[in-house]
Amino acid sequence: MTRRFDRVSVLPIRITGDPVLHTPAAPVVTFDDELRTLVADMFETMDAAPGVGLAGPQVGVPLRLFVYSYEHDPDGPQRGVAINPTLWITPTPVGEADEDAESEGCLSVPGERFPLRRSPRARLEAVDLDGKPFTLDARGWFARILQHETDHLDGVLYVDRLDFLHQRRAKKAISGNRWGRPGNSWTPGVDDLEA
């Protein structure tokens, strides 16, 4: 990382096809002001998009970290950063995903939503900006968010996990938008791709 910012900035979000999105990210080893600035910029970008999570690779930084913000958790609002996370999940229910209840979106596949079955419970083990370990137990949509963002750190997009029919629809949308190749991005507040 060789960026220096004096203020918080909205960053461009990479779109599917960019190699950084399809490659496993490296662990964070340096906890410094540069990392704090990156995380502040990621929060600003996620909020401007708007989104509920944003991973380092989505802003072109191939490091194992993500930010999240979910207001509707039964245990109260959840907002934070997870660095070098490990995620444990319960078995994913078998069967077809529900179009209404289980449709997922992604800021790196902007404006598209497809149903995806995910585990209903997850446990996240990570460290914060000070390198302090923490654990989060999540269920429902918050568990989905943690799974989605952890996937980004492993070079996996949610469209890669779709069943055959929905994966065909996703590929058609990606092709129709001329994505699926390096160099595509959008900037929240500048480009209106999430509408």
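With which residue does Glu104 form a salt bridge? In this predicted model, the partner is Arg144, and the closest N and O atoms of the two residues are 2.6 Å apart. Because Glu104 belongs to strand E5 whereas Arg144 belongs to helix H2 (residues 140-153), the contact ties together parts of the chain that are 40 residues apart in sequence. Both Glu104 and Arg144 are buried.

This pair also has a place in a wider arrangement, since a network of salt bridges links Glu102, Glu104, Arg117, Arg118, Arg144, Asp151 and Arg161. Within that list, the side chains of Arg117 and Glu102 meet in a salt bridge with an N to O distance of 2.9 Å. Here too distant parts of the chain are linked, with Arg117 in the loop between strand E6 (109-115) and strand E7 (121-127), and Glu102, 15 residues apart from it, in the loop between E4 and strand E5 (103-106). The two residues fall into separate classes of accessibility: Glu102 has a relative accessibility of 13% and therefore counts as buried, while Arg117, at 23%, counts as partly exposed, the cut-off for a buried residue being under 20%.

By the rule applied here, the salt bridges of the model come to 13. One of them joins the side chains of Asp75 and Arg139, at 3.3 Å from N to O. Asp75 sits in the loop between E3 and E4 and Arg139 in strand E8 (residues 133-139), so that this pair, 64 residues apart, links distant parts of the chain. Asp75 has a relative accessibility of 53% and so counts as exposed, whereas Arg139, at 37%, counts as partly exposed.

The loop that holds Asp75 leads back to strand E3, which spans residues 65-70 and is mostly covered, with six of its six residues buried. The cover extends to both faces of E3, for Leu65, Val67 and Ser69 are buried on one side, and Phe66, Tyr68 and Tyr70 are buried on the other. E3 also has strand partners. Strand E2 (residues 53-55) pairs with E3 in the antiparallel sense over three bridges, and Gly53 has Tyr68 of E3 as its bridge partner. Strand E4 (residues 78-89) likewise runs antiparallel to E3, the two being joined by six bridges, and in this pairing Val81 of E4 is the bridge partner of Val67. Two of the buried residues of E3, Val67 and Tyr68, lie on opposite faces of the strand; Val67 is bridged to Val81 in E4, and Tyr68 is bridged to Gly53.

Notes:
Residues are numbered from 1 along each chain as its sequence is written. This is a predicted model: local features need pLDDT of at least 70, side-chain atom pairs count only at pLDDT 80 or more; totals for chains, interfaces and linings use all residues. Side-chain values use heavy atoms; hydrogens and water are left out. Buried means under 20% relative accessible area, exposed over 50%, partly exposed in between (1.4 Å probe, protein chains only). Helices (H or I, at least four residues) and strands (E, at least two) are DSSP runs, numbered from the N terminus. Two strands pair if DSSP finds at least two bridges between them. A salt bridge is a side-chain nitrogen of Lys or Arg within 4 Å of a carboxyl oxygen of Asp or Glu.
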